[in-house]
Amino acid sequence: MSTEALARLAEERVDHRFKGLPPDAEGLTLAELTAQRRNLFTGGFTTPVLALSAERLDHNLRLMETYAARHGLAFAPHGKTSMAPQLFHRQIQHGAWGITLAMPHQVRVARAFGIQRIFLANELVDAAALRRLAAELAADPDFRLVCYVDSVRGVELMDAALKGAARPVDVVVELGAGEGARTGVRTEADATAVADAVAGAGTLRLVGVAGYEAQVPGASPERVRAWLRRLVGIAAEFDKAGRFAGADEIVLSAGGSEWFDAVADVFAGIPELSLPVLKLLRSGAYVSHDDVHYRRLTPFNRVPEEGALESAFRLWAQVVSRPSAEQAFVNAGKRDAAHDLDLPVAQVVRRDGTERPAAGIEVTALSDQHIWLRTTPEADVEVGDWIGMGLSHPCTSFDKWQLIPVAEADGTVVDYIRTFF
């Protein structure tokens, strides 16, 4: 199924749906356009256009594969970052156990492209979505899904919707990161109550404990590690009480893109339990990384000897107005660039085939279809120049583009990544 579905992506034809593609490519299939190996800068692409670096994408995939293997971690990168089945399959080719997702629609996308292992890092109480999930599990004995639970009420709703299901749904109790944090049980007593409810529901099977450490209030290495030790402690207590008796392995999962070094450290010290432990890391932003938010927060800043991720995104836009010596405007905006955490960063100016650093150019604001640039006297900027910008927050960069060219360092476009948000 997956090979056929991916092949069908290459058969899609270039049309009005896809921003930035060459107008004269209209009607070509993506396979035909890819085969032309057009250049991002001279091959007719229009601005704005978001591109991924082929070399940096490959570097990031390899680095996290190596990191997870070195630390004895299984890896289910969060697919909501890219919602790109082509990248899902590349992640799995680079050692991923499966893909993490957050919403039923995302599961449908992944299943349409043959993803066989899914970690659903969210509570699922929608009856229609649960019935569809039960049908997927019944139809494919090789499909595995693990889902969060964090309340007795939620367990009751799941059980009611799944009555008569051919296979039980594997669930993990979600431990919240603390008072005032996001979802998840707040206390060990709450965790036990939810586990008891799962034990009484014939449609569910308890297989582990999980959570998201980045939500720890006032997160610091000490506080994150303390919370992770609580997570391990609950799993150990559940195992001692025989709560995983029906499982084949115990799933212990954490790890966003900010604290996976702490996850690796604490998970390395898990005591011996009665079943094999699947230590499942879920970091997702690594695949593209970024130029501000995760560049600042990545754990590789704390462990530089283990390598460094590289930002693979660059948004290219064109200067369309230079109304004063202190201002310029490019033809991209909130519809094209992530802006929820940080503004884009001007990196390079391209004119007549020559690229130079964007000295004296600062992004100060975004309108719907314009990015505002403040320019100092050292800035050499003219109408018609292309400005290459780094972005912050991969999740809200991918979601603005249905099709993203993958370009080599010289601009040769070697692939197109299709997203499904």
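## A tour around helix α4

Begin by selecting glycine 95, which follows helix α4 and has a positive phi, near 95°. As you go, keep in mind that what you have open is a predicted model.

Next, step back into the helix itself by selecting residues 85-93, which make up α4. Within this helix, colour Pro85, Gln86, Leu87, Phe88, His89 and Gln91, since these are the residues of α4 that are buried. To see what surrounds them, show α1, α3 (54-70), β3 (99-101), α5 (104-112), α12 (395-398) and β18 (413-418), the elements against which the buried residues of α4 pack.

Now choose one of these neighbours, helix α1, by selecting residues 2-11; it packs with α4 at an angle of about 135°, and the two axes lie 10 Å apart. Angles outside the roughly parallel, roughly antiparallel and roughly perpendicular ranges count as oblique, and α1 and α4 are therefore oblique to each other. Their crossing is left-handed. Display the side chains of Ser2, Leu6 and Leu9 in α1 together with Pro85, Gln86 and His89 in α4, because contact here means heavy atoms within 4.5 Å and these residues make the contact. Sorted by class, this contact has 3 nonpolar and 3 polar residues, with no charged ones.

For the last stop, turn to the open sheet, where 8 strands pair in parallel in the order β2-β9-β8-β7-β6-β5-β4-β3. Its edge strands, each pairing on one side only, are β3 and β2 (74-75). Select β2 along with strand β9, residues 277-281, and you will find the two running parallel, joined by 2 bridges. Finish on phenylalanine 75, which stands opposite leucine 281 in β9.

Key: Residues are numbered from 1 along each chain as its sequence is written. This is a predicted model: local features need pLDDT of at least 70, side-chain atom pairs count only at pLDDT 80 or more; totals for chains, interfaces and linings use all residues. Side-chain values use heavy atoms; hydrogens and water are left out. Axes are lines fitted to C-alpha atoms, for helices over the stretch in contact, and angles run from 0 to 180 degrees between N-to-C directions. Helices (H or I, at least four residues) and strands (E, at least two) are DSSP runs, numbered from the N terminus. Angles under 35 degrees count as roughly parallel, over 145 as roughly antiparallel, 65 to 115 as roughly perpendicular and the rest as oblique. A crossing is left-handed if the near helix is turned anticlockwise from the far one by less than a right angle, and right-handed if clockwise. Ala, Val, Leu, Ile, Met, Phe, Trp, Tyr, Cys and Pro count as nonpolar, Asp, Glu, Lys and Arg as charged, and the others, Gly among them, as polar. Buried means under 20% relative accessible area, exposed over 50%, partly exposed in between (1.4 Å probe, protein chains only). Two strands pair if DSSP finds at least two bridges between them.
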